[in-house]
Amino acid sequence: MIDNKLNRILVEKMKKRGSMLSFFLVLSGMLLLSALILLVLSAVMLKNAMTPNFVAGGVISVYVISSLVGGFLIGQIKGRQKFIWGVLIGVSYFFVLLLAGKIIYHSGLHFDFQTVSSGLICAVSGMIGGMIAPAVYKS
């Protein structure tokens, strides 16, 4: 775990940089975390024969972990209305993934059950991450 003093210093620096910049830094960190977890998941899949249900569960786990971490970070940076910031970062993460999928697969936006449930998973996970984040206030 990060030392408390170091954590406070990082949060204060993020607050000074501006609201939008810190939001996009957290969002890009979430995407990087997702890529790393998916890399590990693909290595596990390469070594073992996995069922499609395992793969789907792994992808959902990536959504949850990334959104929780992003909500936690943005909630700690903002300090107030943390759950709202958590929902915003979760929804933003979902829309970045949705647009990336549209660009990669050259398909239209289909809002079926799987897409809507993935969006809700990202939003709720981000909200929970924001709610559990300790607010760092100036003393």
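Helices here are DSSP runs of H or I with at least four residues, numbered from the N terminus, and by that reckoning Gly 119 belongs to helix α5. Please keep in mind throughout that this is a predicted model.

**View 1. The whole chain, built from five helices and zero strands.**
Welcome to the overview, where the elements follow one another from the N terminus as α-α-α-α-α. The chain has 139 residues, and 30% of them are buried. Among contacts with a separation of 6 or more, 81% join residues that lie 24 or more positions apart.

**View 2. Helix α4 packed against helix α5.**
A pair of packed helices is described by the angle between the two axes and by the distance between those axes. For α4 (residues 82–105) and α5 (residues 113–132), the angle is about 145° and the axes are 7 Å apart. The crossing of these two helices is right-handed. On the α4 side, the contact is made by Lys 82, Phe 83, Gly 86, Val 87, Gly 90, Val 91, Tyr 93, Phe 94 and Leu 98. On the α5 side, the partners are Thr 115, Ser 118, Gly 119, Cys 122, Ala 123, Gly 126, Met 127, Gly 130 and Met 131. Sorted by class, this contact has ten nonpolar, seven polar and one charged residues.

**View 3. Thr 115 and Gly 119 of α5, with Phe 94 of α4.**
Let us zoom in on two residues from the helix contact. Thr 115 sits in helix α5 and counts as buried because its relative accessibility is 15%, where the cut-off for buried is under 20%. Setting aside residues up to four places away in sequence, Thr 115 touches Phe 94, Leu 98 and His 110. From Thr 115 to Phe 94 the C-alpha to C-alpha distance is 9.4 Å, across 21 residues of sequence. Gly 119, also in α5, is buried too, with a relative accessible area of 14%. Gly 119 and Phe 94 are 25 residues apart in sequence, yet their C-alpha atoms lie 5.7 Å apart in space.

**View 4. The largest pocket, with a volume of about 730 Å³.**
Which residues of the lining are the closest to the centre of the largest pocket? They are Val 59, Tyr 63, Leu 97, Gln 114 and Ser 118, out of 26 lining residues. Ser 118 may look familiar, as this residue also takes part in the contact of α4 with α5. Two or more lining residues come from each of α2 (19–47), α3 (52–78), α4 and α5. Helix α4 gives the largest share of the lining, with seven residues. By class, the lining has 16 nonpolar, nine polar and one charged residues.

**View 5. Val 55 in helix α3 and its contacts.**
Is Val 55 buried, exposed or partly exposed? With a relative accessible area of 26%, Val 55 is partly exposed, because that class covers values between the 20% and 50% cut-offs. Leaving out neighbours within four places in sequence, Val 55 is in contact with Met 45 and Met 50. Val 55 can also be placed relative to Ser 42, which is 13 residues away in sequence and 9.0 Å away in space, C-alpha to C-alpha.

**View 6. Gln 81, in the loop between α3 and α4.**
Our last stop is a backbone detail. Gln 81 has a phi near 50°, a positive value in a residue other than glycine. Gln 81 counts as exposed because its relative accessibility is 52%, and exposed means over 50%. Next along the chain comes the α4 helix, which covers residues 82–105, and Lys 82 of that helix belongs to the contact with α5 shown in View 2.

Notes
Residues numbered from 1 in each chain as written. Predicted model: local features only at pLDDT ≥ 70, side-chain atom pairs only at ≥ 80, totals over all residues. Heavy atoms only, no water. Axes fitted to C-alpha atoms, helices over the stretch in contact; angles between N-to-C directions. Left-handed = near helix turned anticlockwise from the far one by under 90°. Contact = heavy atoms within 4.5 Å. Nonpolar A, V, L, I, M, F, W, Y, C, P; charged D, E, K, R; others polar. 1 Å grid on protein atoms, 1.4 Å probe; cavity = no way out; pocket = protein on both sides within 12 Å on 5 of 7 lines; lining within 4 Å. Points joined across faces, edges and corners; volume = space filled by probe spheres on them. Buried < 20%, exposed > 50% of the residue type's maximum accessible area, 1.4 Å probe, protein only.
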